[in-house]
Amino acid sequence: MEAIRNAIPETPVIVAGAVGGPSVMFAVTPFRNGLTLGATNTRAGAMELYGSVFARGLAGGWTGGIYPAIAGCPQFLCLGPAYHFYAAFVGTAGGVVLTSLTESGIVFGAETCNAQMAKNAKAPGSIKNVHNSMKPWGTGFSIHFARNVIATAALRLHRHHPGAGGPALGGATRQSGAVSEGPVPVARD
């Protein structure tokens, strides 16, 4: 019961995840669509790719973005608490794997649907049967899961590394015994 209580975030964090997550996922859609087109046209430069993304007008840049935005709400709301919940039972490494599996289950269908819609916007009919945004499996799931394991491990294992930082953002700190002397400057203005 304690693990569940500790996994529930405070109200501001819930609001940030519920509003900020979908907003960010929708806002970056043109970039995601440009990357998708770049993966199938390696000779194109950035201007050509984004010209294709916005070929149908400004709104066309957000083709398919609603699906990752919808998935962004549970993605941003539950992954932090899910990690802490899982880690309480199976340790850090198990928490990383289970959280990554959860994230892939939440967003794989939406991201695949978005990518296929972006391709079809550029070349109509390229993909006859667009992946269902609610289907959390399919071709590429294992790669998606592996990507999430690497990313989550980098975040979570770095956070637990000695000297990895304070409680806020995991920034570098100076350590002298058990007393933190504040942040170590990484770069200056």
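This tour moves through a predicted model one selection at a time, beginning at a pocket and ending at a set of aromatic rings.

Residues are numbered from 1 along each chain as its sequence is written, and side-chain values use heavy atoms, with hydrogens and water left out. Because the model is predicted, local features need pLDDT of at least 70 and side-chain atom pairs count only at pLDDT 80 or more, whereas totals for chains, interfaces and linings use all residues.

**The second largest pocket**

Select Phe108, Glu111, Thr112, Ala115, Thr139, Gly140, Ile143, His144 and Arg147, which line the second largest pocket. A pocket here is an open set of points on a 1 Å grid over the protein atoms alone, where a 1.4 Å probe fits and protein lies on both sides within 12 Å along at least five of seven lines; lining residues have an atom within 4 Å of a point. The volume of this pocket is about 270 Å³, a volume being the space filled by probe spheres set on the points, with grid points joined across faces, edges and corners.

Colour the lining next by element: helix H5 (66–122) and helix H6 (141–160) each supply at least two of its residues, and the largest share, four residues, comes from H5. Helices are DSSP runs (H or I, at least four residues) numbered from the N terminus. By residue class, the lining divides into three nonpolar, four polar and two charged residues, where Ala, Val, Leu, Ile, Met, Phe, Trp, Tyr, Cys and Pro count as nonpolar, Asp, Glu, Lys and Arg as charged, and the others, Gly among them, as polar.

**From the lining to a salt bridge**

Keep Glu111 and Arg147 selected, since the two form a salt bridge whose closest N and O atoms are 3.6 Å apart. The criterion is a side-chain nitrogen of Lys or Arg within 4 Å of a carboxyl oxygen of Asp or Glu, and by this rule the count comes to one salt bridge. Glu111 lies in helix H5 and Arg147 in helix H6, so the pair ties together parts that are 36 residues apart in sequence. Glu111 counts as buried at 18% relative accessibility, while Arg147 is partly exposed at 42%; buried means under 20% relative accessible area, exposed over 50% and partly exposed in between, with a 1.4 Å probe and protein chains only.

**Along helix H6**

Move to Ile143, also in helix H6, which is exposed with a relative accessible area of 63%. Measure by C-alpha to C-alpha from Ile143 to Ser104, and the pair is 9.8 Å apart in space and 39 residues apart in sequence.

Asn148, found in helix H6 as well, counts as buried at 3% relative accessibility. Leaving aside neighbours within four places in sequence, Asn148 is in contact (heavy atoms within 4.5 Å) with Ser100, Glu103 and Ser104.

**The aromatic rings**

A search of the whole structure finds six aromatic pairs. Rings of Phe, Tyr and Trp (its six-membered ring) pair if their centres lie within 6.5 Å, and planes under 30 degrees apart count as stacked, over 60 as edge-to-face and the rest as tilted.

Select Phe54 and Trp62, an edge-to-face pair at 5.8 Å centre to centre with 65 degrees between the planes. Phe85 and Phe89 have ring centres 5.1 Å apart and planes at 70 degrees, so this pair is edge-to-face. Being four residues apart in helix H5, Phe85 and Phe89 are separated by about one helical turn; Phe85 is partly exposed at 29%, and Phe89 is exposed at 58%.

End by adding Phe26 to Phe54 and Trp62, the three residues that ring pairs link into a cluster.
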